[in-house]
Amino acid sequence: MKKIYIILSIILVGATTFSQNKEFSSNDYVSALKKVTDVMVNDVTSPVAAARYYSYVTLGSNEATSLFYNSKNSFAPSINQFKKIEVPNELIAKSNASFATVFAVFKMAEKLLPSGYLFATEANSLKELAIKRGISKEQVEYTAKLVELVVNQMMEYVKADGFSKLSSYKKYTPTEGDGYWQPTGPGYMMAIEPNWFQIRPFYLVSCDQFKPAPPSPFDLTKTSSFYIQLNEVYKVVNKLSKKQRAIASFWDCNPFILNQIGHVEFGLKKISPGGHWMGITGIACLKKGTSLTQTAFIHCSVAITLSDAFISCWDEKYRSNRIRPETAINKWIDKRWKSVLQTPPFPEYTSGHSVISTAAATVLTQILGTNFSFTDTTELEFGLSQRKFKSFLQASQEAAISRLYGGIHYRDAIEKGVLQGSQIGKYIGDKILKSDKMNVDFIK
């Protein structure tokens, strides 16, 4: 069979705009980060890799900002193995803080992303915009030199996180036997990043610091916990309401969906789970009216949390190595059954979206409050309606249960994933907000 691959990318190029004030603002920051998201969508960046990129991009931006505020909002030395960025005081005095914050987003993305070269043009355009706004050409150039020093030091930290070693590890081979994960259609892709647990976390002491309880043992006895959960997925998907189907689609966040019509296969690129939560963070900051410094700090807090949550989740996924509902249902219940969402290419337990959504929501709640209502417009560009939430945790709860509606997770993977994410989020939130090494009173 000849396969023709048609890659469809839904990206609103140029959809973001910058404000017209002399000083750069939170709107400018959110717009810049949205461009980073767009490029990651186009690159089909995996969920775990996207969270890593967001972490370093936002950390670089935040640390550039902290140079102008006596490091009150710096993450050094509270995160693992990270040293304070050093830049000459005279260069700081000649630079512009707000321009540095936004400019660093593009310069970090330029260094990090596979298609980072695209940000060279963005960076140059931002310099021109800064001059048009009234920032002197001399100050713009000094700021660019300052950001270059920040980025170079950041990249030394980036290079030591273990990512470069991943390709050298032994190739992953699916385990034979009932109950273990196997590739699923239509692409039958190999497992994504089986060694991601070896990436250096930002705040976690180790990848298994919040190791969840083991999943229900594989057991096809109809009274077993596993079979009851398997049958639940089967029945829920078969009787989905319109609302449940909409929830499943809204939180799909699969970076690459492969569709098949006859002999033609075509791909649809979408935002990652981490990208969705970075979008929510931007929405929340703009609604709250946070300053640029606060906005950079909050985005970095969420990004780092997402990254550590993925490391923790991926550690468990390849330890438990559990079979996906689609594989089990097709083999033992109904060979024609299909999940609503395309089953992603990695083991089932715990649910990634449950872990990272709860972790991100927990940190956002600690920073911005318990009853922070917002309208999530993140998925509008992908043809999905906006959704309203009374709190971040309500949104994360919906994200978690969406995996059952989508037919890609069992209930215990969702519930244990929520617990895992809650523990991670509280741990990191407490580290960020209560550390005596960091003064973050400016957030309140």
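Contact here means heavy atoms within 4.5 Å. This is a predicted model, where local features need pLDDT of at least 70, side-chain atom pairs count only at pLDDT 80 or more, and totals for chains, interfaces and linings use all residues. Residues are numbered from 1 along each chain as its sequence is written, and side-chain values use heavy atoms, with hydrogens and water left out.

**Helix H7**
- Helices are DSSP runs (H or I, at least four residues), numbered from the N terminus.
- Among the residues of H7 that are buried (under 20% relative accessible area, 1.4 Å probe, protein chains only) are Phe 226, Tyr 227 and Leu 230.
- Helix H11 (325-332), helix H13 (392-405) and helix H14 (411-434) are included in what covers the buried residues of H7.

**Aromatic pairs**
- You'll find 24 aromatic pairs in the structure; rings of Phe, Tyr and Trp (its six-membered ring) pair if their centres lie within 6.5 Å, and planes under 30 degrees apart count as stacked, over 60 as edge-to-face and the rest as tilted.
- Take Tyr 157 and Phe 202: their ring centres are 6.4 Å apart and their planes sit at 55 degrees, so this pair is tilted.
- Tyr 157 lies in helix H6 (residues 137-159) and Phe 202 in the loop between H6 and H7, so the pair ties together parts that are 45 residues apart in sequence.
- Phe 250 and Trp 251 have ring centres 5.2 Å apart and planes at 85 degrees, so they are edge-to-face.
- Trp 251 is buried, at 0% relative accessible area.
- Ring pairs also link Phe 250 and Trp 251 into a cluster with Trp 277, Phe 372, Phe 374, Phe 389 and Phe 392.

How values were computed:
Buried means under 20% relative accessible area, exposed over 50%, partly exposed in between (1.4 Å probe, protein chains only). Helices (H or I, at least four residues) and strands (E, at least two) are DSSP runs, numbered from the N terminus.
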